[in-house]
Amino acid sequence: MKIDNINKSIGKKKIIEDVNLNIEKGKIYGFVGENGSGKSMLFKILAGWIDNDNNVKIEISHREFIEDSNLNLEKTGYENLLNLYNIKNEGCGDILYYLEQFGMLNVKDDKVSTYSLGMKQKIAIIQVIMEDADLYILDEPFNSLDKKSCEMLMYLLNEKRKSGKILIITSHINKYLDKLVDYIYTIKNGKIIDLKKNSLKQTNYTFTEKPVQKERNTSKNKGKYLVYALVSILCFICTSYIYAAVKLQEAERIYASSKYKEAYKKVANITYIRNDVASEIKYAGYLHNSLDSSLENIDIENTDNTSLVQMYISNKQLIETYKEKNKVEVKKYRVSVNNRYIESIECNLEKIKNILLKNKKETLESIEKIQMHIIETAARQEEECKIDKVDYEEYRKITELNLNTLHELKREF
């Protein structure tokens, strides 16, 4: 498919100028360029979100674009995906399979408003991947993802390529583009200045295959095994209870030294002992494991300032969320754990802030860019809420919080 002479201006300023593309089915195209070079605007035109000045038609019927996930914050991650599945049940994949592969199965029943930036990104990716589209457009999909999730995404995109789909992607993390794409477009000041074939592409990329469902046992001779099965179950329960009690003692000792994740590993699979101690350790471990925007899981050296500012905003949202939770929480141990979790997030904020201080000019530019984006997104959401007759109040609070966070951060620079 050939697309010629795409142009886009805002006022007198040309954002996209005379862009010509030649794209084929079964190929992945990477786009590289500095911030503000026009990549995101071009992607929105290709996705059909905005018109181009020349009214050039994109002859692809079904397109999917991931930039902002239009998630319902008051629904769980699973409910958001299930809603898409119910609307478009043809071509949608296995929701639980994707949640498991992206490490989201244990938080699928939590509200999206409690998710970190990386967790929201995973749900948005799953939404797009489940669709059987002809063209997939992905703007910085690897942002805030841990290494395993990045590899899983690469595997899934490669599968889409094998099935004859067209994929367009941009990322500031070059190692993923180098392994994945067939061709690389370079864009500067809204113009395509270079196109080259990627000689570094990984041709034999493999990952964990989708598990095969076990067939049900249809044997008619179940009676003779019943006694043995019952005895085995009782033995298993007794053994598991003893094992769980030992593990809980070990976990309490580790937990006392504030090693929450290590303690959680000891009791993560314990189901036979339920008390406040076990519940507290599990809850603390769950929170600290879910903090996937922490610096432990992010390659800071390869993360641009815009992504770091977005991480800062996301962490601020988490702090406010758990402060609100503490106001209505009745279990004392949860309040205590939440406060320690907030302290961990605040430590991350300081680390992010120190990194941002190293490049004040670029940070201020990123803040301005994100401010404008938040304002534009808020206006669009308000209009959508009016059309759908949905209460905008929750979105308004989040918008105000994000803008206030940016104002505070800006003052420090």
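**Helix α12 and its surroundings**

Biologist: How far apart are the end C-alpha atoms of α12?
Modeller: Start with the 29 residues of α12 and allow 1.5 Å a residue, which gives a span of 42 Å. The recipe behind that is 1.5 Å times one less than the number of residues. The model agrees with the expected span, because the end C-alpha atoms of α12 are apart by 41 Å.

Biologist: What kind of model are we looking at?
Modeller: Residues are numbered from 1 along each chain as its sequence is written, and side-chain values use heavy atoms, with hydrogens and water left out. Local features need pLDDT of at least 70 and side-chain atom pairs count only at pLDDT 80 or more, while totals for chains, interfaces and linings use all residues, since this model is predicted.

Biologist: How many helices and strands are in the chain?
Modeller: We go by DSSP runs, numbered from the N terminus: H or I with at least four residues for a helix, E with at least two for a strand. On that basis, the chain has 13 helices and eight strands.

Biologist: Are α12 and α13 roughly parallel or antiparallel to each other?
Modeller: α12 (residues 360-388) and α13 (residues 393-412) pack at about 170°, with axes 10 Å apart. The axes are lines fitted to C-alpha atoms over the stretch in contact, and angles run from 0 to 180 degrees between N-to-C directions. Under 35 degrees is roughly parallel, over 145 roughly antiparallel, 65 to 115 roughly perpendicular, and the rest oblique. That's why this pair counts as roughly antiparallel.

Biologist: How many charged residues are in the contact of α12 with α13?
Modeller: Contact means heavy atoms within 4.5 Å, and the residues making it include I367, I370 and I374 of α12 with L403 and L406 of α13. Asp, Glu, Lys and Arg are charged; Ala, Val, Leu, Ile, Met, Phe, Trp, Tyr, Cys and Pro are nonpolar; the others, Gly among them, are polar. Sorted that way, the contact has eleven nonpolar residues, five polar ones, and for charged residues, two.

Biologist: Which helices help cover the buried residues of α12?
Modeller: Buried means under 20% relative accessible area, exposed over 50%, and partly exposed in between (1.4 Å probe, protein chains only). Among the buried residues of α12 are T363, I367, I370 and I374. Their cover includes α10 (305-328), α11 (332-356) and α13.

Biologist: Which residues does S366 touch, leaving out those up to four places away in sequence?
Modeller: S366 sits in helix α12 and counts as buried, because its relative accessibility is 3%. Q310 is 56 residues away from S366 in sequence, yet 9.2 Å away in space, C-alpha to C-alpha. The residues touched by S366 are N305, T306 and V309.

Biologist: What is the relative accessibility of E140, the residue with a positive phi?
Modeller: E140 isn't a glycine, and its phi is near 55°. You'll find E140 in the loop between β5 (135-139) and α5 (147-162). E140 counts as buried because its relative accessibility is 17%.

Biologist: And what is the relative accessible area of S144?
Modeller: S144 is also in the loop between β5 and α5, with a positive phi of about 65° although it is not a glycine. S144 is buried because its relative accessible area is 9%.

Biologist: How many disulfides turn up in the whole structure?
Modeller: We'd need a pair of cysteine sulfur atoms within 2.5 Å. C150 is buried at 1% relative accessible area, and C347 is partly exposed at 46%. For disulfides, the search of the whole structure finds zero.
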